[in-house]
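Colleague: Got a minute to go through this one with me? Put it up and I'll fire off questions.

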Amino acid sequence: MADRSAASGVTRTEVPHARGLLLVGLVVLFVLLAGNPIAKALIEHQVRASTGREFSIGGLSVSPGVVRQTVAGRDVRLGNADWASQPSLFEARHVEVQWVPWRLFLGQVAIVSVHLDQPVLNLERDAGLRANWRFSDEPVTEPLPRRFPDIGALWVEQGRFRLLEEQRRTDLAVTVQSGEPTAAGRLPPLLVEGGGTYRENPFAIEGRIGSPLHLVDTDPDQRYWIDLSAEAGATRARASGGLRSVLQLQDFELDFAIAGADMAELYPLLGLAIPETAAYDLTGRLGRTDSTWHYRGVTGTVGNSDLAGEVSVDTGRERTLLVADLKSRKLDLDDLAGFIGGKPQAADPQDGRLFPTSVYDTEKLRSMDARVSLVAQRLTAPPLPFESLDARLVLENGDLHLDPLDFGFAGGHFDGSVRLDARQDPMRAQIDMKARGLQLPRMLPDAEAAQSQGSLGGHVRLHGSGDSVAGFLATADGEAGLAMGPGRISNYIMELVGLDIAEMIKFKLGKDKEVPVHCGYADFAVKNGLMTSRALGFDTSDTLVLGEGTVDLGEEQLDIVLRPRPKDFSPFSLRSPLQLSGPLLDPSIRPQGGPLLLRGAAAAALYAIAPPAALLALVETGPGGESGCGPKAKTN
C-alpha cells in the first residue's frame, strides 16, 4: 500500500517537524493570552466545536515556565447529551495540568501530571444503546484514539463516578480517590467504594483499579489491573487480575471467587436459572472470549459437598447457554435437593410430606439452555444407601432431559432417564428407571444386615403432569415393581412378620439364624397417582407372605394387607393378617381382625402366583437360573 505521506508530497521526517512548529506556535500564543479572558473563550469554543456539547471554565490561570508549566482551571464543566438524565457528562471543582513545553520542539506533547479535585463523571447508556460518551452518531471503529499524549500521573481527590445502564437496569455510584502507587507500577491506582443496583438488585462494591492512563498504553502486553469485591444480598464476589482491554472485556482471565447462601439467587443477577442449593463458596479463573464467559479450574464447596470442574456461559444466543463439566469426591444429595424440587438442608421435611412440594419455575426453565455433566465418586443421602452419581443434563427451550441418570445404590445401580417438559403448564414429566444388583444387606439395619444376603431389582415407569414432584406423582400413570431372587434373611425378621412371639423371644435370647429366601416381589399398576398391587409376595423356608392393597402417592398414604403363614408350628403364632397403613413417612403395622380362612386362602394363592417375568429379569437368580418362586417353591 502506498504511503499516504509520500502520496501527498510530504516526507515522514517533515510531518513531525511541521507538527512541532505548529504546536510551538500554539503554546506561545496560549502563554501570551493565558491571563486574558480571550484565552478561556478560545478553549471553550474549541471544545464545543469538537464535542458538540456545552463546555465552560469558571477561571483559567497559567504558571509560566520553560522546563515545566502549570495550567489550572476551576469550575470546569462539559455538558451531557440532550437525552441524558444528568446535565453534565463531566465537571470538576479544580483541574491542574503540569506539562513540559520544550518537548514540543520534538513534536511531542508531554504531560507530567493531571490533578482533578472533586471531579464528577456521569456515564449513561439508554435502552437504544446510545452512549453519552459518544460525541457523534458515527460508528466507533477504535475504542480510543490511536495517538494520545504522554501523561505521567493522574491524581483524583474526592471524585464521584456514576454509571446508568437502562438496558441492564443498572445504576452504579461510587466515590473515587487516588491511592499510593504499588511496586508493580508507577501510576497511582484508584480506590473505589459505593454501590447501587444491578438488574434492579441492590449491591455494594469496593476495591482498587488501575490508573485510567493504562487504558491508553500502547504496549500490547500491558494489563489493566483490578482488585474488586462486590456484595448483592448474601452473594459475595471478588475479581482480581489484569485485563487487556477493559473497554471491550475480551480475551482476559481473572482470579474470581464467588460465595453465597443459595445459587438460585444468581438468577436475577446473572440470568442463570439454577435451582436452590445449600450455601456455596467457589474459586476459579474467570475469562471471556467473544460472547462466552469461562469459569475454569473451579474448586470449592456447596454445603457439605466438594465441587470442581469447568463452567461456561454463552450470552450471545437467543437463550443463554450454560455448559458445565463438574466432579465431586463427596456429594451430599441434600445440598442439591433443589434439582429434584426439594429444599436444601430444610429444617422440616416438606411440612411432614415425603415428596418435595416446591414449585418448579417453568419460566426460568424456558429462559436458558444448559448442558451439564456431574460425576460424584461418593454420594450420601441418609438413611438411603446412595453411593455414587453419574448424570448428564440437557435443557433446550424448556425441555429438560436427564439421560443417563445413574445412581450407585446399595451395591448396585438405579439408572435410567427423566424428562421434564416445561414448554407447557402444568409441566409434563416422564420417569423410566431400573434397579439392578441391589444388595439386601446394604438396605437393612446393621443388626439384621449381617444375617442377610440377596440381590434385588426393579423398575419405575411413570408419566404425569404437575408443578412439583408431589404434584406430578399425584397424577402419575404407569407401573412400578421390585423383585428379589434367592437369598437369606434374618429369621427374627420373618418371625416378626408372622408375629410368632415364642420364636421371636427364643431368637432374641439366643442367637439369630439365617432363613433361605426363595423369592420376593411387589408389582403395582399406577393410575392417577394410585398404586394398586397386581402381585405382592415373599416366600422363605420359614414363612409365606402374600399381600394386596394400595399406595396413594398424592395423599402419601399406605393401605396394604399382609397375610403371613409361618411354616413351623408354634402355639404363640398369631394367624391374623397384618394391616400396614398410615402416612408413608410414619406407617403403622398391626394385626387385622377377620376370619382365619382368609389366611389359608392367601397362603394357597401364594403357590398359584408366580412373580412377573419382567421383574424376575432384573434380579440375579443364582446358579441354574431358577427363581425359587411359584409352584416349585412348595416342595422346598
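Colleague: Which residues touch the most other members of the largest nonpolar core?

Modeller: Ile258, Leu389 and Leu405 do, in a core of 113 residues. Keep in mind that this is a predicted model.

Colleague: Take leucine 405. What is it in contact with, leaving aside neighbours within four places in sequence?

Modeller: Leu389, for one, so two of those core residues meet. The rest of the list is Asp390, Ala391, Phe414, Asp415, Gly416, Val418 and Met433.

Colleague: Zooming out, how many helices and strands are in the secondary structure?

Modeller: Eleven helices and 34 strands. The protein has 636 residues, and 43% of them are buried.

Colleague: And what share of the contacts with a separation of 6 or more comes from residues 24 or more positions apart?

Modeller: Those account for 50%.

Colleague: Now aromatics. How many pairs are there?

Modeller: The count is three aromatic pairs. In one of them, phenylalanine 386 and phenylalanine 407 have ring centres 5.1 Å apart and planes at 65 degrees, which is over 60, so the pair is edge-to-face. Phenylalanine 386 sits in strand E22 (residues 386-396) and phenylalanine 407 in strand E23 (residues 399-409), 21 residues apart.

Colleague: Are phenylalanine 386 and phenylalanine 407 buried or exposed?

Modeller: Both are buried. Phenylalanine 386 also pairs with phenylalanine 409: centres 4.9 Å apart, planes at 75 degrees, so edge-to-face again. That pair links E22 to E23 as well, across 23 residues.

Colleague: Why does phenylalanine 409 count as buried?

Modeller: Because its relative accessibility is 12%, and the cut-off is under 20%. Phe386, Phe407 and Phe409 form one aromatic cluster.

Colleague: Switching to helix H3. What are its length and reach?

Modeller: H3 covers residues 37-51, 15 in total. From first C-alpha to last it reaches 21 Å, close to the 21 Å expected.

Colleague: Which residues in H3 are buried?

Modeller: Ala39, Glu44 and Thr51. Seen down the axis, the buried residues of H3 fall within an arc of 130 degrees, so they line one face. His45 and Ala49 are exposed on the other side.

Colleague: What follows H3?

Modeller: Glycine 52, with a positive phi near 75 degrees.

Colleague: Last one, serine 312. Where does it lie?

Modeller: In strand E17, residues 305-314. Serine 312 counts as buried because its relative accessibility is 16%. Not counting residues up to four places away, serine 312 touches Thr292, Trp293, His294, Leu321, Leu322 and Val323.

Key:
Residues are numbered from 1 along each chain as its sequence is written. This is a predicted model: local features need pLDDT of at least 70, side-chain atom pairs count only at pLDDT 80 or more; totals for chains, interfaces and linings use all residues. Side-chain values use heavy atoms; hydrogens and water are left out. A nonpolar core is a set of buried Ala, Val, Leu, Ile, Met, Phe, Trp, Tyr and Cys residues joined through side-chain atoms within 4.5 Å. Buried means under 20% relative accessible area, exposed over 50%, partly exposed in between (1.4 Å probe, protein chains only). Contact means heavy atoms within 4.5 Å. Helices (H or I, at least four residues) and strands (E, at least two) are DSSP runs, numbered from the N terminus. The expected span of a helix is 1.5 Å times one less than its number of residues. The arc is that of the directions from the helix axis to the C-beta atoms. Rings of Phe, Tyr and Trp (its six-membered ring) pair if their centres lie within 6.5 Å; planes under 30 degrees apart count as stacked, over 60 as edge-to-face and the rest as tilted.
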